[in-house]
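Reader: Could you take me through one part of this model up close? I'd like to hear about the sheet and how its strands pair.

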Amino acid sequence: MDEYQKMLAGQWFDSSAAPLRNLRETARLACAKYNAHPSRGNLRHITRLFKQRGELLVIEPGFQCDYGCHIEAGENFFANFNCVILDSAAVRIGDNVLLGPAVHIYTVDHPRDATQRATGLCQARPVTIGNGVWVGGGALIFPGVNIGDNAIIAAGARVRHDVPAGVTFYG
């Protein structure tokens, strides 16, 4: 099993492997092209990376992602300025989702043990955001989290556990 397959399987993987570095470089260049000259036309540099996306999608400048190819964004998706999606695993975003400025979504994690962390290994777990969710500015969503439909995540919240549908989570 190569490092990419390990990453997608949720196993420990080496993020410095050349194929993964090359994929991240492609995403970084696409984000840089869009962020340097943000326009509806240049948005294609980012959205062509996405695994899936709805027709109505707005991403403000400052957007960054690891790979892009693991992001699924539903219809009527809005990401405000300086959002970051580290998509070493799937990131599934439903319809009518709003991300405030500087929202970060992380799927990748590192070992807690310092010796193991020094090896450079990582592990990724998917994140799912349901339909009608609003995530306030500066919120952080951690690996493996599922956020139910119509939930609200308060600005600045740190979301480490699943959030049920319809709940306002202050973190």
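Author: Sure, terms to begin with: two strands pair if DSSP finds at least two bridges between them. Strands are DSSP runs (E, at least two residues) and helices are runs too (H or I, at least four residues), both numbered from the N terminus. This is a predicted model, so to speak of local features pLDDT must be at least 70, side-chain atom pairs count only at pLDDT 80 or more, and totals for chains, interfaces and linings use all residues. Residues are numbered from 1 along each chain as its sequence is written, and side-chain values use heavy atoms, with hydrogens and water left out.

Now the sheet: it is open, built from six strands in the order 3-6-9-14-17-19, with parallel pairing. Its edges are strand 3 (57-59) and strand 19 (168-169), each of which pairs on one side only. Zoom in on strand 14 (residues 134-135) and strand 17 (residues 152-153): they run parallel and are joined by two bridges. There, V135 sits opposite I153 of strand 17.

Stepping back, the protein chain has four helices and 19 strands in total. Its radius of gyration (over C-alpha atoms) is 16 Å, close to the 16 Å from the globule rule (2.2 Å times the number of residues to the power 0.38) for 171 residues, so the chain is as compact as a globular protein of that length. The C-alpha atoms fill a box of roughly 40 × 35 × 25 Å along the principal axes. Of contacts (heavy atoms within 4.5 Å) between residues at least 6 apart in sequence, 28% link residues at least 24 apart.
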